[in-house]
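Student: Could we go through this model step by step, with each answer reasoned out before its value or name is given?

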Amino acid sequence: MCDLKHHAGVELPEGFSDHDRSELCPVVFAISNLGGKWKLIITHSLIDGPLRFGELRRAIPNVTQRMLTLTLRELEADGIVHRKVFEVVPPHVEYSLTELGLKLEPVMDSLRDWGRANLAAKVEAAAAA
């Protein structure tokens, strides 16, 4: 279990159960906001700037329209993504990262580096087989 005092500098009252304590772990908190198949992929797609809904769908071809919509709503509710509606004919919507979302850029860089290194090893192992 996460040691909140050590990892987050937070001292909790004695009445907190182990379950409540685990819910407040910084890693559990981060995963609850970013977990799932699509959240990090959407966030990664928005790192370089705002995209319209259709552009996001093209950038992530395996996501369904419904799943993209639901995931964007969750990211918006968590304060990671901003949704801007343009009142023009025809109306369109643009998604961008909030200040909180932009703080994920170093995380995305680390994930990309880890993925690149491990994907290369996987490809090399497959080629050798």
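Student: Does glutamate 74 count as buried, partly exposed or exposed, and what is its relative accessibility?
Tutor: Keep in mind that the model is predicted, so that every value here is computed from predicted coordinates. Buried means under 20% relative accessible area and exposed means over 50%, with partly exposed in between. Glutamate 74 therefore counts as partly exposed, its relative accessibility being 41%.

Student: With which residue does glutamate 74 form a salt bridge, and how far apart are the closest N and O atoms?
Tutor: The partner lies in a distant part of the chain, 35 residues apart from glutamate 74, for the pair links helix 6 with helix 4. That partner counts as buried because its relative accessibility is 6%. The salt bridge of glutamate 74 is formed with lysine 39, and the closest N and O atoms are 3.2 Å apart.

Student: How are helix 4 and helix 6 oriented to each other, and at what angle do they pack?
Tutor: Two packed helices are described by the angle between their axes together with the distance between the axes. For helix 4 (residues 39–46) and helix 6 (residues 65–77), the axes are 10 Å apart. Angles of 65 to 115 degrees count as roughly perpendicular. Helix 4 and helix 6 are therefore roughly perpendicular to each other, the packing angle being about 80°.

Student: Which residues make the contact of helix 4 with helix 6, and how many of them are nonpolar?
Tutor: On the side of helix 4 the contact is made by Lys39, Ile42 and Thr43, while helix 6 contributes Leu68, Thr71, Leu72, Glu74 and Leu75. Sorted by class, this contact has two charged and two polar residues, and its nonpolar residues number four.

Student: Is threonine 43 buried or exposed, and what is its relative accessible area?
Tutor: Threonine 43 lies in helix 4. Leaving aside neighbours within four places in sequence, threonine 43 is in contact with Leu75, Ile80, Leu97, Leu104 and Met108. Threonine 43 is buried, because its relative accessible area is 0%.

Student: How far apart in space, C-alpha to C-alpha, are serine 45 and leucine 97?
Tutor: Serine 45 is also found in helix 4, and it counts as buried because its relative accessible area is 16%. Once neighbours within four places in sequence are left aside, serine 45 is in contact with Leu51, Leu56, Ala59 and Ile60. Serine 45 and leucine 97 are 52 residues apart in sequence, and their C-alpha to C-alpha distance in space is 9.8 Å.

Student: What is the order of the strands in the open sheet?
Tutor: The sheet has three strands, and their pairing is antiparallel. Strand 1 (51–52) and strand 2 (81–86) are the edge strands, each of which pairs on one side only. The order of the strands is 1-3-2.

Student: How many bridges join strand 2 to strand 3, and which residue of strand 3 is the bridge partner of lysine 84?
Tutor: Strand 2 and strand 3 form a hairpin, with five residues between them. Strand 3 (residues 92–97) runs antiparallel to strand 2, and six bridges join the two. Within this pairing valine 85 stands opposite valine 93, and the bridge partner of lysine 84 is glutamate 94.

Student: At about what angle to strand 3 does helix 4 run?
Tutor: Helix 4 lies across strand 1, strand 2 and strand 3. With respect to strand 3, the direction of helix 4 is at about 95°.

Student: Which residues are joined into one network by salt bridges that share partners?
Tutor: A search of the whole structure finds five salt bridges, among them the one in which the side chains of aspartate 113 and arginine 112 meet at 3.7 Å, N to O. Aspartate 113 also meets arginine 116 in a salt bridge, at 3.9 Å, and these two are separated by about one helical turn because they are three residues apart in helix 8 (residues 105–128). Arginine 116 counts as exposed because its relative accessibility is 53%. Through shared partners, the residues joined into one network are Asp109, Arg112, Asp113 and Arg116.

Note on methods:
Residues are numbered from 1 along each chain as its sequence is written. This is a predicted model: local features need pLDDT of at least 70, side-chain atom pairs count only at pLDDT 80 or more; totals for chains, interfaces and linings use all residues. Side-chain values use heavy atoms; hydrogens and water are left out. Two strands pair if DSSP finds at least two bridges between them. Helices (H or I, at least four residues) and strands (E, at least two) are DSSP runs, numbered from the N terminus. Contact means heavy atoms within 4.5 Å. Axes are lines fitted to C-alpha atoms, for helices over the stretch in contact, and angles run from 0 to 180 degrees between N-to-C directions. Angles under 35 degrees count as roughly parallel, over 145 as roughly antiparallel, 65 to 115 as roughly perpendicular and the rest as oblique. Ala, Val, Leu, Ile, Met, Phe, Trp, Tyr, Cys and Pro count as nonpolar, Asp, Glu, Lys and Arg as charged, and the others, Gly among them, as polar. A salt bridge is a side-chain nitrogen of Lys or Arg within 4 Å of a carboxyl oxygen of Asp or Glu. Buried means under 20% relative accessible area, exposed over 50%, partly exposed in between (1.4 Å probe, protein chains only).
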